[in-house]
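Here are my notes for your first read-through. Keep the viewer open and find each residue as you reach its point.

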Amino acid sequence: MLSDDLPKVYLTEGHGEYSLSSSFTDALTKENVEYETINLMDYDTVPEDTACLIINGPQSDLSADDADKVTSYLESGGKVILITGYTGSEMPNRDALLKYMGMSIADGLVVEQDQNYYYRSPYYLLPDVSADTYTSGIYGNYYIFAPYSQGILIADEEAEGMTYTTFLSTSESAYSKVDITNMENFEKSEGDIDGPFGVGVEAVKALEEGEATMVVYSCDQLFTDDANVMVSGANQMMFVNTVGGFVEHEVSVS
């Protein structure tokens, strides 16, 4: 049961989302953050006590109704963490959420051409980490491992009322391979999309009262044990930093 005096984080289900392993949920508990998995179909709106809503790697699109509920939550000053990844299917309702915050996802998967930005395979990204609250304790000390990432695009960095912070990014030479049927072919082809791209981006939208905040990660395996162990726990550290910043209390991951 959730406590009335601890910040409450809700994780959506019903769209094939990734579940968090015990190491990630234990990390939340240690930070005095309570969490619960919910299906938005069972609610008229996102619960009023939501400190942060997490949509973790949906493998199928949100329903139009669910997307509307999340948009309404943002319009009321909500805070959303959206972790998304390549599925091979169109996701118009997910895309509508991103568009509300001035972002989109490039077709295909990011291929990194700079060897300093990947591990073994050009699809196994080690994105550039910028100093930010989300990367506290990581910047300058650890890598982030983001296999099979997509590219986050910002429609207009100077859009009125919008503020963007890209804290995970590819190199300038990265591109998005649209046709991924041959995963061993890393040659750039006609129709592929030039980078650089964001891999972790914060978007803040000014409202008449308050602001809406969305952090987008474009790797649906980012917050899994398999990815986390590759970088000595840095992915989990970033996850706790992100949630901790959203629920407005200091985190203490070491």
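Leaving aside its neighbours within four places in sequence, which residues is Thr-50 in contact with? Let's begin there, keeping in mind that this is a predicted model.

1. **Thr-50 and its surroundings.** Beyond those sequence neighbours, Thr-50 is in contact with Lys-8, Tyr-10 and Tyr-73. You will find Thr-50 in strand E3, which covers residues 50–56. Is Thr-50 buried or exposed? Its relative accessible area is 10%, so Thr-50 counts as buried. There is a polar partner to look for as well: the side chain of Thr-50 reaches the backbone oxygen of Pro-47 at 2.7 Å.

2. **The cysteines.** How many disulfides does the model have? The count is zero. To see why, start from Cys-52: the closest cysteine sulfur belongs to Cys-219 and is 18 Å away, which is too far for a bond. Looking from the other end gives the matching result, because the closest cysteine sulfur to Cys-219 is that of Cys-52, at 18 Å. For comparison, a disulfide would need the two sulfur atoms within 2.5 Å. Cys-52 is buried, with a relative accessibility of 0%. Cys-219 is buried too, at 0%.

3. **A pair of tyrosine rings.** The model contains twelve aromatic pairs. One of them is worth working through: the ring centres of Tyr-124 and Tyr-148 are 5.5 Å apart and their planes stand at 90 degrees, so this pair is edge-to-face. The reasoning uses a cut-off, since planes over 60 degrees apart count as edge-to-face. Where do the two residues sit in the chain? Tyr-124 belongs to strand E8 (residues 121–125), while Tyr-148 is in the loop between strand E10 (146–147) and strand E11 (152–154), so the pair links distant parts of the chain, 24 residues apart. Tyr-124 is partly exposed, with a relative accessible area of 27%. Tyr-148 is also partly exposed, at 27% relative accessibility.

4. **More rings to look at.** Try colouring the aromatic residues. Ring pairs join Phe-24, Tyr-134, Phe-167, Tyr-217, Phe-223, Phe-239 and Phe-246 into a cluster. A charged neighbour is found at another ring: Lys-205 lies over the face of Tyr-100, 3.7 Å from the ring centre.

5. **An open sheet.** Strands of a sheet pair through backbone hydrogen bonds, and the pairing can be parallel or antiparallel. Here, three strands form an open sheet in the order E6-E13-E14, with antiparallel pairing. Which are the edge strands? They are strand E6 (109–111) and strand E14 (193–194), and each of these pairs on one side only. E6 is joined by three bridges to strand E13 (residues 175–177). To line these two strands up on screen, find Val-110, which stands opposite Ser-176 in E13.

6. **Two pairings of strand E12.** Strand E12 covers residues 162–169, and two bridges join it to strand E9 (residues 128–129) in an antiparallel pairing. Within this pairing, Asp-128 stands opposite Ser-169 in E12. Strand E12 also runs antiparallel to strand E15 (residues 198–206), joined by seven bridges. There, Met-162 stands opposite Lys-205 in E15. You have met Lys-205 already, as the residue over the face of Tyr-100.

7. **Backbone angles worth checking.** Most residues other than glycine have a negative phi, and most peptide bonds are trans. Against that background, look at Asn-32, which has a positive phi of about 60 degrees although it is not a glycine. Asn-32 is in the loop between helix H1 (22–30) and strand E2 (34–38). With 48% relative accessibility, Asn-32 counts as partly exposed. Tyr-148 from the ring pair has a positive phi too, of about 55 degrees, and is not a glycine either.

8. **A cis peptide bond.** Which peptide bond is cis, with omega near 5 degrees? That is the bond from Gly-195 to Pro-196. Pro-196 has its place in the loop between E14 and E15. Both strands appeared above: E14 as an edge strand of the open sheet, and E15 as a partner of E12.

Note on methods
Residues are numbered from 1 along each chain as its sequence is written. This is a predicted model: local features need pLDDT of at least 70, side-chain atom pairs count only at pLDDT 80 or more; totals for chains, interfaces and linings use all residues. Side-chain values use heavy atoms; hydrogens and water are left out. Rings of Phe, Tyr and Trp (its six-membered ring) pair if their centres lie within 6.5 Å; planes under 30 degrees apart count as stacked, over 60 as edge-to-face and the rest as tilted. Helices (H or I, at least four residues) and strands (E, at least two) are DSSP runs, numbered from the N terminus. Buried means under 20% relative accessible area, exposed over 50%, partly exposed in between (1.4 Å probe, protein chains only). A charge sits over a ring if NZ of Lys or CZ of Arg is within 6 Å of the ring centre and within 35 degrees of the ring normal. Two strands pair if DSSP finds at least two bridges between them. A polar contact is a pair of N or O atoms within 3.5 Å; within protein, one must be able to donate a hydrogen and the other to accept it, and residues adjacent in sequence count only if both atoms are side-chain atoms. Contact means heavy atoms within 4.5 Å.
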